[in-house]
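Dear colleague,

I am passing on the structure below, and my notes on it follow. Please read them with the coordinates open beside you.

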Amino acid sequence: MSLLSSIITDIQYQIEDTNDTRFSAAYKLNIVKLAIRRANRIVQRNGLQFAKKYTDLTTTDDVAYINMPADFDVDIGLWNTGTNEQLTKLSEDTWEELVDPEANMFYLLDYVNSRILIANTPTDSTTTLRLWYYPTVDPSAYTTASSMPWGGRLDDVITQYAVMRLMNISEMDASMELQLLQDMEAQILEAYKPLTQTLQEKKGWLIDG
């Protein structure tokens, strides 16, 4: 797994700035952090499989919530492992209108308190719920000694984005920034979109005419 220091070294060679005379090492690090944040939203928005993870959480008797994982960012879905049924995520309006709902069928995300509210948790049993989600990728505290996220899968794309951003920094305009973002997303999707599970409509029987 690559360290940010190796990414910055690659950037230095590609922009011919190995002595950090054009841009400081700290500035290059900030550009890499920016690229990581933008790549993170791209992989989430497009549902790329390598960015997902899951954890099993257990409800407590008569406690109407479970705690979010420490690295929770965006939920994908919540399943009851005993019945293999997916719980339905509700909006605040629908949640507040629930009247005696079936146990462990509905949930609401409470980001402020880092909880997942579960409707009508039973008082005499526990349930294991499997949460699929996107973990937090927050590069704000990254240093050159930090490891790159996603097991290095996006290192080349992030490096290229940072190189192009630095090469155009002095004459950057909105159209160039948009082009760089579009190119970054296109490269990520070209490499990893085929690995994402897709649903296909089943066709009926083909009848020879």
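Helices (H or I, at least four residues) and strands (E, at least two) are DSSP runs, numbered from the N terminus. This is a predicted model, in which local features need pLDDT of at least 70 and side-chain atom pairs count only at pLDDT 80 or more, while totals for chains, interfaces and linings use all residues. Residues are numbered from 1 along each chain as its sequence is written, and side-chain values use heavy atoms, with hydrogens and water left out.

N104 sits in the loop between α3 (92–96) and β6 (106–110). With a relative accessibility of 6%, N104 counts as buried (under 20% relative accessible area; exposed is over 50%, partly exposed in between; 1.4 Å probe, protein chains only). Leaving aside residues up to four places away in sequence, N104 touches T59, N80, L87, I118, A119, N120, T121, P122 and T127, where contact means heavy atoms within 4.5 Å.

The largest nonpolar core (buried Ala, Val, Leu, Ile, Met, Phe, Trp, Tyr and Cys residues joined through side-chain atoms within 4.5 Å) has 34 residues, of which V32, W150, L154, I158, M184 and I188 touch the most other members. At least two residues of this core come from each of α1 (4–14), α2 (25–45), α4 (155–167) and α5 (174–192), and the largest share, nine residues, is from α2. Again not counting residues up to four places away in sequence, I188 touches A39, I42, V43, L48, L154, V157 and K193. Another core, of 13 residues, lies apart from the largest one and includes I66, L109, I116 and L131.

With best regards
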